[in-house]
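I opened this model to look up how its helices sit against its sheet and what surrounds a few chosen side chains. My entries follow in the order in which I checked things.

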Amino acid sequence: MRERAVSLAREKGEVRTKDLTDIGVPRHYLTRMCEEGLLMKAGYGRYRAAVPKAA
């Protein structure tokens, strides 16, 4: 599920909560994914894929 959410966010640039729930990602996962650094909250109900940190 997480991989699908991140790939959709990368593909579209910015996704809405509805876009993610439509592909089967529960809303409570979004907060966890932000805490893990996979997604960034861009605004109310909007998310972007987090930019990977340089190694």
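I take contact to mean heavy atoms within 4.5 Å. With that cut-off, and leaving aside neighbours within four places in sequence, I find Thr17 in contact with Arg27, Leu30, Gly45 and Tyr47. The model is a predicted one, in which local features need pLDDT of at least 70 and side-chain atom pairs count only at pLDDT 80 or more, while totals for chains, interfaces and linings use all residues. Residues are numbered from 1 along each chain as its sequence is written, and side-chain values use heavy atoms, with hydrogens and water left out.

Thr17, accessibility. I note that Thr17 belongs to helix α2, where helices (H or I, at least four residues) and strands (E, at least two) are DSSP runs numbered from the N terminus. Its relative accessibility is 19%, so I count Thr17 as buried; buried means under 20% relative accessible area, exposed over 50% and partly exposed in between, with a 1.4 Å probe and protein chains only.

Helix α3. Which residues of α3 are buried? In this helix, residues 27-35, I list Tyr29, Leu30 and Met33. Looking down the axis of α3, I see these buried residues fall within an arc of 110°, so they line one face of the helix; the arc is that of the directions from the helix axis to the C-beta atoms. They pack against α1 (2-12), α2 (17-22), β2 (39-43) and β3 (46-49). After α3 comes Gly37, with a positive phi near 85°.

Tyr29, ring face. I looked for a charge over this ring, the test being NZ of Lys or CZ of Arg within 6 Å of the ring centre and within 35 degrees of the ring normal. Arg2 lies over the face of Tyr29, at 5.5 Å from the ring centre.

Sheet. I count 3 strands in an open sheet, in the order β1-β3-β2 and with antiparallel pairing. β1 (15-16) and β2 stand at the edges with a single partner strand each, so one side of each has no neighbour in the sheet. Two strands pair if DSSP finds at least two bridges between them: β2 and β3 have 4 bridges, and β1 and β3 have 2. I noted two partners across these strands, since Leu39 is bridged to Ala49 in β3, and Val15 stands opposite Tyr47. In the hairpin of β2 and β3, with 2 residues between the strands, Gly45 has a positive phi near 75°.Helices on the sheet. I find α1 lying across β1, β2 and β3, at about 90° to β3, where axes are lines fitted to C-alpha atoms, for helices over the stretch in contact, and angles run from 0 to 180 degrees between N-to-C directions. α3 also packs on the sheet, touching β2 and β3, and its direction makes about 110° with that of β2.

Strand β3, side chains. Which side chains of β3 point to which face? Tyr47 and Ala49 point to one face and are buried, whereas Arg46 and Arg48 point to the other and are not. Arg46 has a relative accessible area of 35%, which makes it partly exposed. Leaving aside neighbours within four places in sequence, I find Arg46 in contact with Glu14, Val15, Arg16, Met40 and Lys41.
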